[in-house]
Amino acid sequence: MNTKVTERKARARKIVAYLKKAYPSPKTELKYRTPFQLVVAVMLSAQCTDKVVNRVTEALFKKYKTPKDFASANPKVFQKEI
């Protein structure tokens with residue numbers, strides 16, 4: 001394996017270990033049920049408050065249940081929904 005890749009992986013492991021120690025029980029105000037939903041909510045939260053994201057994602061997650069559902073959404077409709 002490439003030395004740089006090995007070094008990056010070792011550094012990443014150290015960072016993850018530190019974060020797990022520093023934040024053993026991380027919490028978020030975002031509401032989600034799956035890791036994918038969390039990713040969607042986090043992406044939306046960069047644009048507005050968690051409170052607004054939770055209101056929007058409540059309807060989104062009922063309509064779009066899988067990553068494939070999101071990918072096949074009509075862009076114009078989806079844009080209005082968010």
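**Notebook: asparagine 54, the core and the largest pocket**

Entry 1. I looked up asparagine 54 and found it in contact with Glu29, Leu30 and Lys31, setting aside neighbours within four places in sequence. The model I am reading is a predicted one. I located asparagine 54 in helix α3. I then asked whether asparagine 54 is buried or exposed. Its relative accessibility is 13%, so asparagine 54 counts as buried, the cut-off being under 20%.

Entry 2. I turned next to valine 53. Leaving out residues up to four places away in sequence, I noted that valine 53 touches Leu30, Ala41, Leu44, Ser45 and Cys48. Valine 53 also appears in the largest nonpolar core, as do Leu30, Ala41 and Leu44.

Entry 3. I asked which residues make up the largest nonpolar core. I listed eleven: Leu30, Val40, Ala41, Leu44, Val53, Val56, Leu60, Phe61, Tyr64, Phe70 and Ala73. Two or more residues of this core come from each of α2 (35-45) and α3. The largest share, four residues, is given by α3.

Entry 4. I went on to the aromatic rings and recorded four aromatic pairs. In one of them, tyrosine 64 and phenylalanine 78 meet edge-to-face, at 5.5 Å centre to centre and with 80° between the planes. This pair links distant parts of the chain, 14 residues apart: tyrosine 64 lies in the loop between α3 and α4 (67-71), and phenylalanine 78 lies in helix α5 (residues 75-81). Phenylalanine 78 also pairs with phenylalanine 70, again edge-to-face, at 5.8 Å centre to centre and 80° between the planes. I noted that Phe36, Tyr64, Phe70 and Phe78 form one aromatic cluster.

Entry 5. I checked why tyrosine 64 and phenylalanine 70 count as buried. The relative accessible area of tyrosine 64 is 6%, which is under 20%, and therefore tyrosine 64 is buried. For phenylalanine 70 the relative accessible area is 13%, so phenylalanine 70 is buried under that cut-off. Tyr64 and Phe70 are both listed in the largest nonpolar core and in the aromatic cluster.

Entry 6. Last, I looked up the largest pocket and noted a volume of about 250 Å³. Its lining consists of Lys31, Tyr32, Arg33, Gln37, Asn54, Arg55, Thr57, Glu58, Phe61 and Lys62. I asked which element gives the largest share of this lining. Helix α3 (residues 50-63) does, with six residues. By class, I recorded two nonpolar, three polar and five charged residues in the lining. Asn54, with which I began, is among the lining residues, and Phe61 belongs both to the lining and to the largest nonpolar core.

Conventions
Residues numbered from 1 in each chain as written. Predicted model: local features only at pLDDT ≥ 70, side-chain atom pairs only at ≥ 80, totals over all residues. Heavy atoms only, no water. 1 Å grid on protein atoms, 1.4 Å probe; cavity = no way out; pocket = protein on both sides within 12 Å on 5 of 7 lines; lining within 4 Å. Points joined across faces, edges and corners; volume = space filled by probe spheres on them. Nonpolar A, V, L, I, M, F, W, Y, C, P; charged D, E, K, R; others polar. Phe/Tyr/Trp six-rings, centres within 6.5 Å; stacked < 30°, edge-to-face > 60°. Buried < 20%, exposed > 50% of the residue type's maximum accessible area, 1.4 Å probe, protein only. Core = buried A, V, L, I, M, F, W, Y, C linked by side-chain atoms within 4.5 Å. Contact = heavy atoms within 4.5 Å.
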